[in-house]
Amino acid sequence: MTKDWGRKDLLGLETLSAAEIETILDEAASFKKAPAPRVLAGRTVAFLFSEASTRTRSSFEAAALRLGAECLSFSAAGSSLSKGESMLDTMLNLQAVGVTHFVVRHERSGVLEDLAPRVNAAVVNAGDGWHEHPTQALLDLLTLRERWGSFKGRKLVVLGDIRHSRVARSNLFALKKLGAKVVFCGPTPLVPDAFAALGATIEHDVEKALKGADAVNVLRLQLERMEQGFVPSLADYALVYQLTPARAMLMKPDALVLHPGPMNRGVEIASEVADGPRSVVLEQVSNGVFVRMAALALCDRGRARG
Ligand code: CP
């Protein structure tokens, strides 16, 4: 039995212990070392995505298939959700069809906390509103752990639109538990001081934030979640906050550059940095498959234990 894991759902990292986070990372690392056992043979994974996705959806599908599961083709847009059926009824009906795992992306923050306890299937959060994106943060952590070994004493800057970012929140919850310092940096309207109460260090001066950092995680401006102009223009934002080669040089010589994607080149990050020697952006994407294999397999064991 895997140590430190008894859950059927992975909804966020805020409520996980450091040991549970390490368990997922260890499981992902073991899937990376050895050919995948078909531990999900006979299981059916359904994807309920009501927001766009390239990386998360494709890597969850690859993860499920590598572990021997079937993937149920389901499109929220063309389903009876559009006729007013509730999300819970949709999940219960899919469960009756044989679904054992739901991978859900939804625009409403916290939607899964209500739904997951009401179904027997495992539920894995693929991003809910501004709340959490646990597997994104876990793949960030796996990528960093492979380079660093340990998180203790490391400084990671999350640069950009923190206010609207589920990735920033999941990064903060996990990295703080594992002993790293997390600095949130961006314009004042996009980095509210309230995040300090969650354990982040707030710094609006990008040069000061990057000085001596071990890594930076660059976030795009989530214009689709902004109801008002939080920045004067993209050009103004880029002038002050874009991760340029000169700004990247302020970090430690071996510092790493991460980005969860999708990337808006020339806005939050310069192409020379995105494609440069410090960038681990595509390693993050590759590690996403192993982290998602771990999430699906561990939650399956939690589900089987009831
Ligand atoms: N990082 C991330 O969630 O990417 P997608 O929106 O493409 O899934």
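## Briefing: Q242, strand β1 and a five-stranded sheet

The side chain of Q242 reaches the backbone oxygen of V267 at 3.2 Å, and the side chain of Q242 also reaches the backbone oxygen of G266, at 2.8 Å. These distances, like the other values below, come from a predicted model. The points that follow cover the surroundings of Q242, the setting of strand β1 with its two partner strands, and then an open sheet of five strands with a helix lying across part of it.

**Q242 and its surroundings**

- Q242 is found in a loop, with helix α8 (234–241) before it and helix α9 (245–248) after it.
- Because its relative accessible area is 11%, which falls under the 20% cut-off, Q242 counts as buried.
- Leaving aside residues up to four places away in sequence, Q242 touches Y237, R247, G266, V267, E268, I269 and A270; among these contacts, G266 and V267 are the residues whose backbone oxygens the Q242 side chain reaches.

**Strand β1 and its partners**

- Strand β1 (residues 44–49) is largely enclosed by the rest of the structure, because six of its six residues are buried.
- In a regular strand, side chains alternate between the two faces of the sheet.
- In β1 both faces are covered, since T44, A46 and L48 on one side are all buried, as are V45, F47 and F49 on the other.
- Strand β2 (residues 70–72) runs parallel to β1 and is joined to β1 by three bridges, with C71 of β2 as the bridge partner of V45.
- Strand β3 (residues 101–106) also pairs with β1 in the parallel sense, over five bridges, and in β3 the bridge partner of V45 is H101.
- Together with helix α2 (residues 55–66), strands β1 and β2 make a β-α-β unit that is right-handed.

**The five-stranded sheet**

- An open sheet of five strands, with parallel pairing, has the order β7-β6-β5-β8-β9.
- The edge strands of this sheet are β7 (201–202) and β9 (256–258), each of which pairs on one side only.
- Edge strand β7 pairs with strand β6 (residues 181–185) in the parallel sense over two bridges, and the bridge partner of V183 in β7 is T201.
- Helix α5 (residues 134–148) lies across β5 (155–159), β8 (215–218) and β9, and runs at about 170 degrees to β9.

Conventions. Residues numbered from 1 in each chain as written. Predicted model: local features only at pLDDT ≥ 70, side-chain atom pairs only at ≥ 80, totals over all residues. Heavy atoms only, no water. Helix = DSSP H or I, 4+ residues; strand = E, 2+ residues; numbered from the N terminus. Buried < 20%, exposed > 50% of the residue type's maximum accessible area, 1.4 Å probe, protein only. Polar contact = N/O pair within 3.5 Å; in protein donor to acceptor, adjacent residues only side chain to side chain. Contact = heavy atoms within 4.5 Å. Pairing = 2+ DSSP bridges. Right-handed = clockwise from strand over helix to strand, strands pointing away. Axes fitted to C-alpha atoms, helices over the stretch in contact; angles between N-to-C directions.
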